[in-house]
Amino acid sequence: MCKDERASYKLKPMHKQIAIDGPVASGKTAVGKLLSEKLGWRFLDTGLMYRAITWLALDEKIDVSNHEKLVTIAMNSQIQLIPSDRGDRFIINENDITDSLRNRDVERSVSLISQISGVRAALITKQQEIANSDSIVMVGRDIGIRVLKYADVKVFLTASPDVRAKRRMAQTFEANPKATLQMVKSDLERRDLIDSQNEESPLLPADDSVIINTDKMEIDEVVEAIMKLVVTE
Ligand code: C5P
């Protein structure tokens with residue numbers, strides 16, 4: 001991209017945007033959240049939106065092959081993020097489902113439901129609307145390449161499968177105390193494979209993403225590294 005193109009590219013968003021992408025348990029959520037707190041910007045974990053639609057589909061016993069119905073619920077669901085002293089609460093159609101979003105059934109089906117083109121289109125529209133209202137740190141899989149193409153800063157976090165499995169194990173212990181490291185690792189590898197084969201939004205860094213390997217970095221260090229890329233005026 002030449003310098004002039006890049007200058008107009010940077011002018012497009014009305015508010016500041018940081019896009020953070022990466023595979024399962026690469027540290028996106030922890031890093032994005034802390035970064036948004038430091039900057040005083042809004043935070044959106046788009047994975048939770050795909051999980052919320054998956055939860056709703058399971059609750060309403062909609063089969064993953066029923067694309068038409070899944071697209072309808074993705075288009076018609078009211079998704080809200082409400083701040084609380086226990087962290088942000090995730091409300092869908094007036095139900096607080098925050099504590100169910102990481103359960104094993106959701107985990108098992110979410111990547112399949114995320115493949116459906118109409119589900120993605122509905123959620124991407126909602127994500128772009130949210131980004132239009134305020135400066136934002138948004139994390140996911142396709143934020144830099146698709147959702148916020150004109151983000152001021154784009155970061156792609158990576159980490160080895162072993163490190164990611166250990167991190168995810170620590171996070172999932174409460175939800176599933178019987179999980180073993182091997183189970184967690186093969187589950188995340190399975191989801192990475194499905195996500196990387198997504199034709200419309202493959203799990204890939206954008207051409208202008210900064211790639212950060214977080215294997216040997218603490219969350220604070222990753223946040224510091226991203227802060228250096230942010231120009232605030
Ligand atoms: O980030 P998290 O693991 O919560 O995301 C759950 C799933 O949602 C991912 O495995 C992926 O299939 C899907 N996802 C997506 N696009 C995004 C965010 C998440 O397809 N922007």
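A polar contact is a pair of N or O atoms within 3.5 Å; within protein, one atom must be able to donate a hydrogen and the other to accept it. By this criterion, in the predicted model, the side chain of D152 is joined to the backbone nitrogen of Q17, at 2.8 Å. D152 sits in the loop that connects α7 (143-147) and β7. Its separation from K185 is 33 residues in sequence and 33 Å in space, C-alpha to C-alpha.

Strand β7 contains K154. This lysine has a relative accessibility of 5% and therefore counts as buried, the limit being 20%. A polar atom of the K154 side chain lies 2.9 Å from the backbone oxygen of K149. K154 and D192 are 38 residues apart along the sequence, and their C-alpha atoms are 20 Å apart.

Strand β7 (153-158) also takes part in covering helix α10. Helix α10 spans residues 219-227, and V222, V223 and I226 are buried within it. Viewed down the helix axis, the buried residues fall within an arc of 100°, so they line one face of α10. The cover over these residues includes β1 (17-21), α2 (28-39) and β8 (210-213), as well as β7.

The ligand is surrounded by 15 residues. The closest are R51, R120, D142, R191 and D195. By class, the shell holds eight charged, five polar and two nonpolar residues. Three side chains place a polar atom close to ligand oxygen. For R51, the distance from a polar side-chain atom to an oxygen atom of the ligand is 2.7 Å. For R191, the corresponding distance is 2.8 Å. In S111, an N or O atom of the side chain lies 3.1 Å from an oxygen atom of the ligand. Taken alone, the ligand exposes 450 Å², of which the protein buries 98%. Helices α3 (46-59), α5 (104-114) and α9 (181-196) are the elements that give two or more residues to the shell. The largest share, four residues, comes from α3.

One of these helices, α5, also holds E107. With a relative accessibility of 6%, E107 falls under the 20% limit and so counts as buried. The side chains of E107 and R51 are joined by a polar contact of 3.0 Å. R51 is thus shared, since a polar atom of its side chain also lies 2.7 Å from a ligand oxygen. Beyond four places in sequence, E107 touches R51, R102, R168, D187, R190 and R191. Among these partners, R51 and R191 are also listed with the residues closest to the ligand.

Helix α6 (residues 117-133) contains L123. L123 is buried, with a relative accessibility of 0%. Leaving aside neighbours within four places in sequence, L123 is in contact with M49, Y50, I53, A74 and I79. M49, Y50 and I53 are numbered within the span 46-59 of α3, the helix that gives four residues to the ligand shell. L123 and G40 are 83 residues apart along the chain, with 24 Å between their C-alpha atoms.

Two residues with unusual backbone geometry occur in the loop between β4 and β5. Most residues other than glycine have a negative phi. N93, although not a glycine, has a positive phi of about 45°. N93 lies between β4 (89-92) and β5 (95-96). E94 occupies the loop between β4 and β5 as well, and has a positive phi of about 75° without being a glycine. The two residues were also assessed for accessibility. N93 has a relative accessible area of 34% and is therefore partly exposed, between the limits of 20% and 50%. E94 is exposed, because its relative accessible area of 74% is over 50%.

Terms used: Residues are numbered from 1 along each chain as its sequence is written. This is a predicted model: local features need pLDDT of at least 70, side-chain atom pairs count only at pLDDT 80 or more; totals for chains, interfaces and linings use all residues. Side-chain values use heavy atoms; hydrogens and water are left out. Buried means under 20% relative accessible area, exposed over 50%, partly exposed in between (1.4 Å probe, protein chains only). A residue is near a molecule or strand if one of its heavy atoms lies within 4 Å of it. Accessible areas come from the Shrake-Rupley method with a 1.4 Å probe; for residues, only the protein chains shown count as cover. Ala, Val, Leu, Ile, Met, Phe, Trp, Tyr, Cys and Pro count as nonpolar, Asp, Glu, Lys and Arg as charged, and the others, Gly among them, as polar. Contact means heavy atoms within 4.5 Å. The arc is that of the directions from the helix axis to the C-beta atoms.
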